Amino acid sequence: MILNIMRSGEQVSYKVSTKEATLLQLLSEIKTTQDATLSFASGCRSSVCGSCAMRVNGKEVLACAYKPQSGDLVEPLRNVPVIRDLVVDMEKALSFNKVAQSWAVSAAKLPAITPEDASVNEVQSDCILCGACYSACPVYAVNPEFIGPFALTRNWRYVSDKREEDVAGKIAAVQSNGIWDCTLCGECVPVCPQGIAPKSDIDMLRNKSNVLGYMDPKYADFGGGLDFGAPVF
Ligand code: SF4
Ligand code: SF4
Ligand code: FES
């Protein structure tokens, strides 16, 4: 089997013997038997930690879950700086969780919730921060400050939590470079290994924003010059 790996902008081909292996196992084989300088990140080896996300033939995958085909082209995630080979710097991407206020404000006095309440955002709570959706999102080509799919999904996870006391603050936090910058293209949905649909969560945040008096800034000028971000009651 031939595996092609993009290294420093150059495609390098490796012949690997192992069959029925995951991509991560084949990368390890190359590193131990052919080229010790090959760099990639991994942790749990069981689709839990999110550290091994990369692209194969242009689509984001977890290397520890993907079964390669001969001739596959393996590349690092997009929209993030490449440190070396398949290792990327997620610092800026993860910083958008702070911009989106992706935490529970009222944690100290949480009331009890029912299983039904928990099911509302159960899927969103499963995000492993692998960055696959961030890499698939085309908005970063025009706006590097876009808060992005996983941080917006996390924002919705707390906005939709009935225990959250500062819903208005969280909604305000995602108006600029956030929900209205998303094109709803859906590219972030099929790449998520956890079955999360950031596009749908962003749509829910838009609806919630409308209820709280915000509107899409693209249409603000048609309504008599409403300012972007100004609640309209
Ligand atoms: S739906 Fe929105 S967040 Fe998802 S990839 Fe498209 S533009 Fe990015
Ligand atoms: S939403 Fe899915 S694809 Fe995006 S970081 Fe979380 S687990 Fe990964
Ligand atoms: S090594 Fe942890 S998700 Fe792949």
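In this predicted model, ligand 1 is surrounded by 14 residues, and the closest of them are Cys137, Cys182, Cys185, Cys188 and Lys199. Helix 7 (198–211) provides the largest share of this shell, three residues. Sorted by class, the shell around ligand 1 holds ten nonpolar, two polar and two charged residues.

Ligand 2 has a shell of 17 residues, with Cys127, Cys130, Cys133, Phe150 and Cys192 as the closest. Here the classes come to 13 nonpolar and four polar residues, with no charged residue in the set. Two helices, helix 4 (132–136) and helix 5 (149–159), each bring at least two residues to the shell around ligand 2; helix 5 gives the most, with three. Cys133 is a handy place from which to look at the surroundings of ligand 2, as one of its closest residues. Beyond its neighbours within four places in sequence, Cys133 is in contact with Pro149, Phe150, Cys188, Val191, Cys192 and Pro198. In that list, Phe150 and Cys192 are among the closest residues to ligand 2, while Cys188 is among the closest to ligand 1.

Helix 5 deserves a paragraph of its own. This helix is mostly covered, with eleven of its eleven residues buried. The buried residues include Phe150, Leu152, Trp156 and Val159, and also Arg154 and Arg157. Among the elements that cover the buried residues of helix 5 are helix 2, helix 4, helix 6 (167–173) and helix 7.

Helix 5 also leads into the question of the core. The largest nonpolar core counts 50 residues, of which Met54, Leu62, Ala63, Cys133 and Leu152 touch the most other members. Two or more residues come from each of strand 1, helix 1 (23–33), strand 3, strand 4, helix 2 (91–99), helix 4, helix 5 and helix 7. Helix 5 gives the largest share of this core, six residues. Because domain 1 (2–88) and domain 2 (91–223) both contribute residues, the core lies between them.

The division into domains can also be described through contacts. The C-alpha centres of domain 1 and domain 2 are 29 Å apart, and 14 residues of domain 1 are in contact with 13 residues of domain 2. On the side of domain 1 that touches domain 2, strand 3 (53–56) and strand 4 (59–62) each supply at least two residues. Strand 4 accounts for the largest share of that side, three residues. The side of domain 1 that touches domain 2 comprises seven nonpolar, three polar and four charged residues.

Turning to strand pairing, strand 1 (residues 2–7) and strand 2 (residues 10–15) run antiparallel to one another and are joined over six bridges. Ile2 stands opposite Lys15 of strand 2 in this arrangement. The two strands form a hairpin with two residues between them, and Ser8 in the turn has a positive phi of about 50 degrees. Strand 1 has a further partner in strand 5 (residues 72–75), with which it pairs in the parallel sense over three bridges. Ile5 has Val74 of strand 5 as its bridge partner.

Leu73 offers a closer view of strand 5, the element in which it lies. This residue counts as partly exposed because it has 14 C-beta neighbours inside 10 Å, where buried status would take 20 or more. Apart from neighbours within four places in sequence, Leu73 is in contact with Asn4, Met6, Gln11, Val56 and Asn57. Of these, Asn4 and Met6 fall within strand 1 and Gln11 within strand 2, while Val56 falls within strand 3. Leu73 and Lys31 are 42 residues apart in sequence, and their C-alpha atoms are 17 Å apart in space.

Some figures for the chain as a whole complete the picture. Its secondary structure amounts to eight helices and seven strands, and the C-alpha trace spans about 65 × 45 × 25 Å along its principal axes. Of the 233 residues, 35% count as buried. Among contacts between residues at least 6 apart in sequence, 62% join residues at least 24 apart.

Methods: Residues are numbered from 1 along each chain as its sequence is written. Chains are lettered from A and ligands numbered from 1 in the order in which they are written. This is a predicted model: local features need pLDDT of at least 70, side-chain atom pairs count only at pLDDT 80 or more; totals for chains, interfaces and linings use all residues. A residue is near a molecule or strand if its C-beta atom, placed from the backbone, lies within 6 Å of it. Helices (H or I, at least four residues) and strands (E, at least two) are DSSP runs, numbered from the N terminus. Ala, Val, Leu, Ile, Met, Phe, Trp, Tyr, Cys and Pro count as nonpolar, Asp, Glu, Lys and Arg as charged, and the others, Gly among them, as polar. A residue is buried if 20 or more other C-beta atoms lie within 10 Å of its own, exposed if 12 or fewer, and partly exposed in between; C-beta atoms are placed from the backbone. Two residues are in contact if their C-beta atoms, placed from the backbone, lie within 7 Å. Two strands pair if DSSP finds at least two bridges between them. Domain bounds come from an automatic or database domain assignment. A nonpolar core is a set of buried Ala, Val, Leu, Ile, Met, Phe, Trp, Tyr and Cys residues joined through C-beta atoms within 7 Å.
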